[in-house]
Amino acid sequence: MDCPYYEQMQFPMDTRLQAMFTYCVSTDVRLARKALEDYHCSMIPEGLIHGKYPSAYPQIISTFSLHYIYMLREFYEQTGEAETVKKYLPDIDMILTYYDRKIGDDGLVGRLGYWEFVDWQPAWAETGGGPAALQEGPSTIINLMYALALQHAWEEEDVLKVTFSTSYEWFRALEKVGMYSMTEKDMELWKGLPALGCTTCPETPGDTRSDCHAWSALPIYEMVRTMAGISPEGAGWQKARIHPNMDYIPDLEGTVVTPKGTVRFSYRSEQCGTGERKYTYQITMPEGLDAVFAGRDGKEKELSGGETYRFTL
């Protein structure tokens, strides 16, 4: 369900993020597998899936079909279940073909039709969460969702700040270009929730209609996959890749569940006399799962399953 009270519905964007967060804390992928089958069964002849499914009546949110594609890729990365994903490859073709038909003479995707939701951005209130740019022409954010990259630059004052629903993509973009430290300011939105009386994550920061919304559980992912830096390398966790990112935290410890067992980690940092920081890592790998550790210096170290390692960089 999208959330336990307000919206007991299975939206692809929400569900994709819920699946990613679940992978961080559980090896049970049955709900993710079921959701993929549900979306497959919701495909309409035009080449899009339903915006929520199953449902008493059809609703098409055209951008959510892209999240279905993201979810398929991430499910495969987590499980290695090639046969499961193969079943849905024709769905991917239909969705991408639909988007291809929306490309104009300028080479950009234009109006998609249906509900072009992206984010509950206050500046887009009149368009129901759809980019206001669509009123004038192609939307950059929708084109960025469709393509890996575009050769564009923005003036800083024209860039709208994302809210909880699209923070995952924002964090990934900053991580990809080596600017992950900038997420510290964004994390203040979550750190401020207890002061608002929130014991769960609301749909949007501030005034919200839903005080418990799964797409806002992003810190789970950030602490496990990015700060602890423990992620699969090869479908089905053939190996693990450990690349800690402690740009703005002094220490971190915990456990990470994988299909091959639990990884235990403890990271510490301290200031050196030279002004630089010294990082100490202790990692215990489960039997049967090897890993590659990538340090801040770019050097890599092989870790064997069933062993405990402790080293300082």
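So, α3 and α5: these two helices pack at an angle of about 145 degrees, with their axes 10 Å apart. Axes here are lines fitted to C-alpha atoms, for helices over the stretch in contact, and angles run from 0 to 180 degrees between N-to-C directions. Helices and strands are DSSP runs numbered from the N terminus, helices being H or I with at least four residues and strands E with at least two. Before I go on, this is a predicted model, where local features need pLDDT of at least 70 and side-chain atom pairs count only at pLDDT 80 or more, while totals for chains, interfaces and linings use all residues. Residues are numbered from 1 along each chain as its sequence is written, and side-chain values use heavy atoms, with hydrogens and water left out.

Back to the pair. The crossing of α3 and α5 is left-handed, meaning the near helix is turned anticlockwise from the far one by less than a right angle; clockwise would be right-handed. On the α3 side you have Ser65, Leu66, Tyr68, Ile69 and Leu72, and they meet Asp91, Ile92, Ile95, Leu96 and Tyr99 of α5. Contact means heavy atoms within 4.5 Å. That set divides into eight nonpolar residues, one polar and one charged. For those classes, Ala, Val, Leu, Ile, Met, Phe, Trp, Tyr, Cys and Pro are nonpolar, Asp, Glu, Lys and Arg are charged, and the others, Gly among them, are polar.

Now the other pair. What is the angle between helix α7 and helix α9? Their axes, for residues 167-176 and 218-227, cross at roughly 25 degrees and come within 10 Å. That makes α7 roughly parallel to α9, since angles under 35 degrees count as roughly parallel, over 145 as roughly antiparallel, 65 to 115 as roughly perpendicular and the rest as oblique. This crossing is right-handed. From α7, Ser167, Tyr168, Phe171, Arg172 and Glu175 meet Leu218, Tyr221, Glu222 and Thr226 in α9. Here the split is four nonpolar, two polar and three charged.

Stay on α9 for a second. Eight of its 10 residues are buried, so α9 is largely enclosed by the rest of the structure. Buried is under 20% relative accessible area, exposed is over 50%, and partly exposed is in between, with a 1.4 Å probe and protein chains only. Charged residues Glu222 and Arg225 are on that buried list, along with Leu218 and Met227, among others. Right after α9 comes Gly229, with a positive phi near 70 degrees.

On to the core. The largest nonpolar one has 78 residues, and Tyr99, Ile230, Ile242, Tyr267, Ile283, Met285 and Leu303 touch the most other members. α3 gives the most to this core, with eight residues. A nonpolar core, by the way, is a set of buried Ala, Val, Leu, Ile, Met, Phe, Trp, Tyr and Cys residues joined through side-chain atoms within 4.5 Å. Leu303 has contacts including Ile242, Ile283, Met285 and Phe311, leaving aside residues up to four places away in sequence.

Last, some backbone oddities. Tyr114 and Trp237 aren't glycines, yet each has a positive phi near 60 degrees. Are they buried or exposed? Tyr114 is partly exposed, at 41% relative accessibility, in the loop between α5 and α6. Trp237 is buried at 0%, in the loop between β1 and β2. And do look at the cis peptide bond joining Tyr53 and Pro54, omega about 0 degrees; Pro54 is in the loop between α2 and α3.
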